[in-house]
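Reader: I am new to this structure and would like a close look at one part of it. Could you take me slowly through a single residue and what lies around it, and then through the strands and the ligand?

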Amino acid sequence: MTDIVINVSAPHYNLGAAKIVNWLRSQEREIVSFNGDPGLAMPSTAERVWLSTIFSWHAPLAAQIALRMKSRADVFCGGTGMFALGKWWKQETDLEAHRGLDERFEKQRGDYEMTFASRGCPVDCSFCIVPRLEGLTFRLDGCISVWWQRIRFAVLATSHASGPWFSG
Ligand code: SF4
């Protein structure tokens, strides 16, 4: 039986999907991962499908995959893009979305091309999703010190870009 991790966002970003892969590996699961909809390449042995969405405009594609797969696998969906779409996801797929950070993967270490520097924000701007998603307490992530030692070039981003699940 196989876990399928699908980065429903663009291939060059999605820290959360990479963390899920590493977390599943740590549990010695058989894993296949895809960037985008695998279509007919979806393994017939799929037992669990993990859909990671960074932006809300990725959610319709995630729903298409979920509808195709939910009769033969457990389908999970999360990520920043799903935070405000829980009701929509339920209507479209009759499944529950994972909303917010997921502590199973949040601190999963790995050889990532990206990282986030911190989580949470006490400023609490009314238009911003970060305090609602990550809380009002600002905290640094310890992995950035390790990551920083091996890079030559960095783009630092806020929580918006790294996502929770899934950002991630
Ligand atoms: S992360 Fe969000 S709440 Fe914090 S300062 Fe930036 S916009 Fe405001």
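Author: What follows begins with one leucine, then turns to the strands and ends at the ligand. Please keep in mind throughout that this is a predicted model.

The residue to start from is Leu-85, which sits in the loop that leads from β4 (74–78) to α3 (86–93). Although Leu-85 belongs to a loop, it counts as buried because 20 other C-beta atoms lie within 10 Å, and 20 is the number from which a residue is called buried. Once the neighbours within four places in sequence are set aside, the contacts of Leu-85 are Ser-56, Ala-59 and Ala-97. As for His-98, which is 13 residues away from Leu-85 along the chain, the two C-alpha atoms are 9.9 Å apart.

From the loop we can step back to the strands, where β4 appears again. Strand β3 (residues 46–52) runs parallel to strand β1 (residues 2–7), and 6 bridges join them; within this pairing, Ile-6 has Leu-51 of β3 as its bridge partner. Strand β3 also pairs with β4, again in the parallel sense, over 5 bridges, and here Arg-48 is matched with Asp-74 in β4. Between β3 and β4 the chain passes through helix α2 (residues 59–69), making a β-α-β crossover that is right-handed.

The last stop is the ligand, which has 8 residues around it, with Cys-121, Val-123, Cys-125, Cys-128 and Val-130 coming nearest. Sorted by class, this shell consists of 6 nonpolar residues, 1 polar residue and 1 charged residue.

Definitions and conventions. Residues numbered from 1 in each chain as written. Predicted model: local features only at pLDDT ≥ 70, side-chain atom pairs only at ≥ 80, totals over all residues. Near = placed C-beta within 6 Å. Nonpolar A, V, L, I, M, F, W, Y, C, P; charged D, E, K, R; others polar. Helix = DSSP H or I, 4+ residues; strand = E, 2+ residues; numbered from the N terminus. Buried ≥ 20, exposed ≤ 12 C-beta atoms within 10 Å, placed from the backbone. Contact = placed C-beta atoms within 7 Å. Pairing = 2+ DSSP bridges. Right-handed = clockwise from strand over helix to strand, strands pointing away.
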